[in-house]
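These are notes on a model passed along for a second reading. They take the backbone first, then the sheet, then the ligand site.

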Amino acid sequence: MRILAIETSCDETGIAVLENSSEHTVTILGNALASQVELHAKYGGVFPALAKRAHAEKITLLIQEALDQAELLEAGEKAEEGVENTLSFLNEKESMLKEHISPFLTYYKKPALDYIAVTVGPGLEPALWVGVNTAKALSKIWNIPVIPINHMEGHVVTAAFQKINESSFVLSPLDAPLLSLLVSGGHTELVLSEKLGSYKKIGQTRDDAVGEAFDKVARLLGLPYPGGPAVSKLAKEWREGEESRLFELPRPMLHSGNYDFSFSGIKTAVLYTTRDLGHEMTDREKRALAGEFENAAIEVLVKKTLDAVDEYAVQTIIVGGGVAGNTYLRAELNEKATKKYPEIRVLFPEQWLATDNAVMIGMAAMLQVFSGEIKTSALQDLKADGNLSL
Ligand code: KG4
Ligand code: ZN
């Protein structure tokens, strides 16, 4: 079984080709990713209209690249007019996508693929639509069914797959209940599951997502977008330098007695701290503030996760989303969870799969293949939904 996966929910355009080589095992045959980080860096955040344009400009080349890596690309010219007619639905809203993808689909033969998996939400709707319309175009021309995928499920499933080698991963049975801590630029959620594929949200952020807070704090410290890795690097220097705690930030909702989060308060406290200094922040102060911020944010995430482990007798913790790449979160959660619950498993994605990519969308689709319940969608029902929930 071979799947072509498409991801365009935010500022990464991703295409991957996955194969289930043997039972519960996937091999990545092709993986192409284009980041828009530089495009958005000067604004300190992602602009939906710019993101859409960049996805539409790059996606065809990435499809070609991923299929080429997978050795599935074969020339074989089709009638140009037939392709043009089939893709006429792209004329108005996706003219740039059509301009690039029409010649590609005219020139190359249908590759040996069984399904197309595409992120339909949550995310930036204009960006999501590029992926959805690309999936429709490929599906119409190649006559391959489409599996719609929730981006957040992609993050969960990716962490659950265990690495065998550089390109192969296995999904071994996990002890339930499972608890997923989903931490990205748009989401901060705790989700409970009896098995992968069924999810119950038990808490979420009431305002900013934790990744968003990292990005905003980075801006206040004069660091580049996306801010997570940059803030974390300074925090690490502060911790390792054994420098003193110059600032004190709040731990919002630490003792709220539920599983909700709030990160806008810490961000505002960082803003006031920088303003009240009355002078340009020194490098030492920047390190201390980054360190205190990371400590505060991670402390709240770890405490709430462990509270939920306790209440629901959780056996497996899964961490997904861009912030799952944070080394301090990885160390703290691993240490605190296994100290208190020696039997528990804590699963993180590989670093290179933590931030957005298409491999994770292909893995979520493979989960359906493994369970024998493949949920394809009729093309007329295939829609982007920016607020899609797990
Ligand atoms: O999952 P993701 O790639 O995109 C969304 O679905 O939002 O997550 C991106 C977010 C950004 O806010 C970025 O600053 C944050 O993840 N991030 C990190 C780290 N790496 C990425 N935050 C903290 N520490 C990191 N190492
Ligand atoms: Zn994401």
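1. H24 is found in the loop between β2 and β3. This is a predicted model, and the backbone at this residue deserves a look: H24 is not a glycine, yet its phi is positive, at about 65°. The setting is a hairpin formed by β2 and β3, with two residues between the strands and H24 in the turn.

2. The strands on either side of that turn are β2, residues 12-22, and β3, residues 25-35. Their pairing is antiparallel and runs over nine bridges. At the turn, S22 stands opposite T25 in β3. Further along, G14 has L33 as its bridge partner in β3.

3. G14 also has a partner in β1, since it stands opposite E7 there. β1 and β2 are antiparallel, with six bridges between them. They too form a hairpin, here with four residues between the strands.

4. On the β4 side, β1 (residues 2-7) runs parallel to β4 (residues 115-121), and four bridges join the two. One pair to check on screen is A5, which stands opposite A117 in β4.

5. β3 is also joined to β7 (residues 168-170), by three bridges and in the antiparallel sense. T25 takes part here: its bridge partner in β7 is V170. T25 is also the residue in β3 that S22 stands opposite.

6. What is the order of the seven strands in the open sheet? Reading across, it is β5-β4-β1-β2-β3-β7-β6, and the pairing is mixed. The parallel pairing of β1 with β4 and the antiparallel pairing of β1 with β2 illustrate this. β5 (146-150) and β6 (162-163) stand at the edges with a single partner strand each, so one side of each has no neighbour in the sheet. When viewing the strands, keep in mind that side chains in a regular strand alternate between the two faces of the sheet.

7. Two cis peptide bonds should be noted before the coordinates are used. One joins A176 and P177, with omega about -5°; P177 is placed in the loop between β7 and β8 (178-183). Another runs from Y225 to P226, where omega is near -5°. P226 lies in the loop between α7 and α8.

8. Where does ligand 1 sit with respect to the pockets? The space that ligand 1 takes is the largest pocket. Elements giving two or more residues to the shell around the ligand are α6 (151-160), α7 (210-220) and α8 (227-240). Of the shell, the largest share comes from α7, which gives four residues. The loop that holds P226 lies between α7 and α8, two of the helices just named.

9. Which residues come nearest to ligand 1? Of the 20 around it, they are G185, D215, G322, N326 and D356. By class, the shell residues divide into four nonpolar, 13 polar and three charged.

10. Three polar contacts of ligand 1 can be listed with their distances, each involving an oxygen atom of the ligand. In the contact with D215, the partner is an N or O atom of the side chain, at 2.6 Å. With G228, a polar backbone atom is 3.0 Å from a ligand oxygen. With G322, the partner is again a polar backbone atom, and the distance is 3.0 Å. On its own, ligand 1 has 550 Å² of accessible area, and the protein covers 88% of it.

11. For a check of the ligand pose, D215 and G322 are natural places to begin, as both are among the residues that come nearest to ligand 1. The D215 contact is through the side chain, whereas the G322 contact is through the backbone.

Terms used:
Residues are numbered from 1 along each chain as its sequence is written. Chains are lettered from A and ligands numbered from 1 in the order in which they are written. This is a predicted model: local features need pLDDT of at least 70, side-chain atom pairs count only at pLDDT 80 or more; totals for chains, interfaces and linings use all residues. Side-chain values use heavy atoms; hydrogens and water are left out. A residue is near a molecule or strand if one of its heavy atoms lies within 4 Å of it. A polar contact is a pair of N or O atoms within 3.5 Å; within protein, one must be able to donate a hydrogen and the other to accept it, and residues adjacent in sequence count only if both atoms are side-chain atoms. Accessible areas come from the Shrake-Rupley method with a 1.4 Å probe; for residues, only the protein chains shown count as cover. On a 1 Å grid over the protein atoms alone, a cavity is a set of points where a 1.4 Å probe fits but cannot get out, and a pocket is an open set with protein on both sides within 12 Å along at least five of seven lines; lining residues have an atom within 4 Å of a point. A molecule sits in a cavity or pocket if more than half of its atoms lie within 2 Å of its grid points. Ala, Val, Leu, Ile, Met, Phe, Trp, Tyr, Cys and Pro count as nonpolar, Asp, Glu, Lys and Arg as charged, and the others, Gly among them, as polar. Two strands pair if DSSP finds at least two bridges between them.
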